[in-house]
Amino acid sequence: MVTTRLPSAGFSITIRIAVTADASSIGRLTTCVGEAGAIVTALDVVDSDPTHVLVDLTCDTADAAHADQVVKQLEDQDGVDVRKVSDRTFLLHLGGKIEVSSKVALRNRDELSRAYTPGVARVCMAIAENPADARRLTIKRNTVAVVSDGSAVLGLGNIGPAAAMPVMEGKAALFKRFGGVDAWPVVLDTQDTDEIVAIVKAIAPAYGGINLEDIAAPRCFEIEARLREQLDIPVFHDDQHGTAICVLAALTNALRVVGKRMQDVKVVVSGAGAAGTAIMKLLMRQGVADIIAYDRKGALHRGMPGLNESMQWLADHTNKENYSGDLPGAIAGADVFIGVSAPNLLTGDDIARMADKAIVFAMANPDPEVDPREARKHAAIVATGRSDQPNQINNVLAFPGVFRGMLDAAAEEFTEEMALAAARAIADVVGEDKLNPTVIIPSVFDPKVTPAVAAAIRAVVRGGPVPANPAAAPEAELGKAPETTF
């Protein structure tokens with residue numbers, strides 16, 4: 001039985017197999033794995049003797065059950081002895097993914113005396129006399145706290161702070177890899193809004209910015225708003241603003257490809273939580289006038305009972321025809337579908353009823369709102385949140401550059417103008433000569449993305465014009481604080 005779900009590197013396994021040494025044995029292994037619906041990514045010969053070959057076969061599977069199925073089908077083959085199965089994702093997480101390393105050498109008493117006592121006391125007193133010097137003389141200038149209460153983790157739900165740690169570690173690793181930003185997980189064993197605000201405010205002196213992560217709506221809105229009022233460093237909820245920035249960038253280029261204008265399209269957004277709300281507000285700010293917000297309760301409309309404050313705002317400011325039906329009905333005739341909700345809500349037939357040259361962003365992970373293979377039969381452009389599909393919409397395109405720019409410019413807050421500038425920068429990295437239905441957004445590994453976003457953010461903070469080609473901004477400026485002589 002072959003799985004209908006898409007295999008992913010997130011469920012990659014390596015299987016050590018002893019197989020009889022004949023000319024067709026290796027081919028039988030790869031054929032068996034392929035017939036089971038997995039994707040072979042590597043096959044290495046480990047050892048051999050006159051009768052057997054020992055191989056490590058690595059493949060991507062769809063989930064844990066599918067991985068078990070692949071192993072079972074291999075075990076059922078004649079002449080195949082499965083010795084060991086390793087889950088590559090769990091192996092990668094052994095001992096965690098990040099560490100602290102020193103930027104200074106401590107090789108002798110002289111260096112110790114300057115890095116620590118007695119020399120460090122002079123620096124402490126300099127900061128006590130002028131607290132602003134903390135940005136130049138401590139890690140504050142380049143350090144971000146990744147704060148979570150574990151209440152809304154990666155679509156997994158309320159799994160708590162300890163279970164949220166692997167995600168926060170990963171976020172910190174992405175900050176460093178893509179933005180040169182030193183970030184550290186701060187997971188909190190409380191989901192009380194007042195406590196979270198108080199804790200983050202108390203630890204803020206050590207950081208140049210706060211990245212809120214995986215905090216459930218609607219509490220996340222209040223937490224962010226209160227921290228912004230109380231702190232003099234940027235507070236950025238990535239689930240909201242990072243997602244919105246990337247969606248706007250992708251939609252900007254998708255509309256360029258299909259020849260439609262932002263102010264003319266009808267957009268349906270499935271998911272009215274943190275991400276969906278921020279997406280809709282940013283799209284409205286950019287000129288989209290016709291949006292329907294859809295959530296578990298249905299299409300948000302005026303007169304709908306039981307809405308929280310955030311959803312009530314959406315009901316009052318979107319859905320101009322006050323539609324109250326189901327999701328397939330909402331997208332009939334729509335130009336754009338954006339999903340930040342749950343898997344398998346729509347079928348290919350539903351997509352077929354959208355407007356001509358439809359755009360589908362189905363971003364639920366790991367399984368999108370509609371199978372992208374089915375959506376591509378009817379939509380002009382399809383994007384997902386998956387790295388193994390074309391047009392991956394991934395927050396990594398935004399938050400490293402956003403924080404890089406804010407830290408470089410000593411920003412005290414994150415603004416909507418920064419979000420719009422970052423989205424334009426990401427969209428423009430692709431370039432008109434590169435745009436096509438399968439390339440509407442740059443790769444997360446494109447080295448031009450973070451410098452482009454950071455340059456755009458710095459320009460907004462400093463009150464100057466956003467560079468027409470932010471990617472051309474001098475890379476040397478990234479992460480460099482002003483030189484100071486004491």
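**A walk through the model**

Start by selecting residues 39-48 and 52-61: these are strand 2 and strand 3, which pair in the antiparallel sense over eight bridges. What you have open is a predicted model. Look for the hairpin of three residues that joins strand 2 to strand 3. Then show the side chains of Asp44 and Asp56, since Asp44 in this pair stands opposite Asp56 in strand 3.

Next stop: a four-stranded sheet. Its strands come in the order 6-5-7-8, the sheet is open, and the pairing is parallel. Select 182-187 for strand 6 and 235-237 for strand 8; these stand at the edges with a single partner strand each, so one side of each has no neighbour in the sheet. On average, neighbouring strands here are turned by 25° against each other, direction ignored.

Now colour residues 209-212, which form strand 7; three bridges join this strand to strand 8, and the two run parallel. Within the pair, Leu212 stands opposite His237 in strand 8. Add residues 219-230 to the view: this is helix 9, which packs on the sheet, touches strand 7 and strand 8, and makes about 165° with the direction of strand 8.

Move on to the six-stranded sheet. This one is also open, with the order 11-10-9-12-13-14 and mixed pairing. At its edges are strand 11 (298-299) and strand 14 (381-384), each with a single partner strand, so one side of each is left without a neighbour in the sheet. Select 336-339 and 359-362 to see strand 12 and strand 13, paired in the parallel sense over four bridges. Here Gly339 stands opposite Ala362 in strand 13. Helix 10 packs on this sheet and touches strand 12, strand 13 and strand 14, with its direction at about 155° to that of strand 13.

Helix 11, residues 274-285, is worth selecting too: it lies across strand 9 (266-270), strand 10 (290-295) and strand 12, at about 175° to strand 10.

Return to helix 10 for a closer look. Is it enclosed or open to the outside? Of its 21 residues, 19 are buried, so the helix is largely enclosed by the rest of the structure. Just after helix 10 comes Gly259, with a positive phi near 75°.

Finish in the largest nonpolar core, which has 78 residues; Ile245, Ile338 and Phe361 touch the most other members. Helix 10 (residues 238-258) gives the largest share, eleven residues. Centre the view on Ile245: beyond its neighbours within four places in sequence, its contacts include Phe236, Leu282, Val402 and Phe414.

Conventions
Residues numbered from 1 in each chain as written. Predicted model: local features only at pLDDT ≥ 70, side-chain atom pairs only at ≥ 80, totals over all residues. Heavy atoms only, no water. Pairing = 2+ DSSP bridges. Axes fitted to C-alpha atoms, helices over the stretch in contact; angles between N-to-C directions. Contact = heavy atoms within 4.5 Å. Core = buried A, V, L, I, M, F, W, Y, C linked by side-chain atoms within 4.5 Å. Buried < 20%, exposed > 50% of the residue type's maximum accessible area, 1.4 Å probe, protein only.
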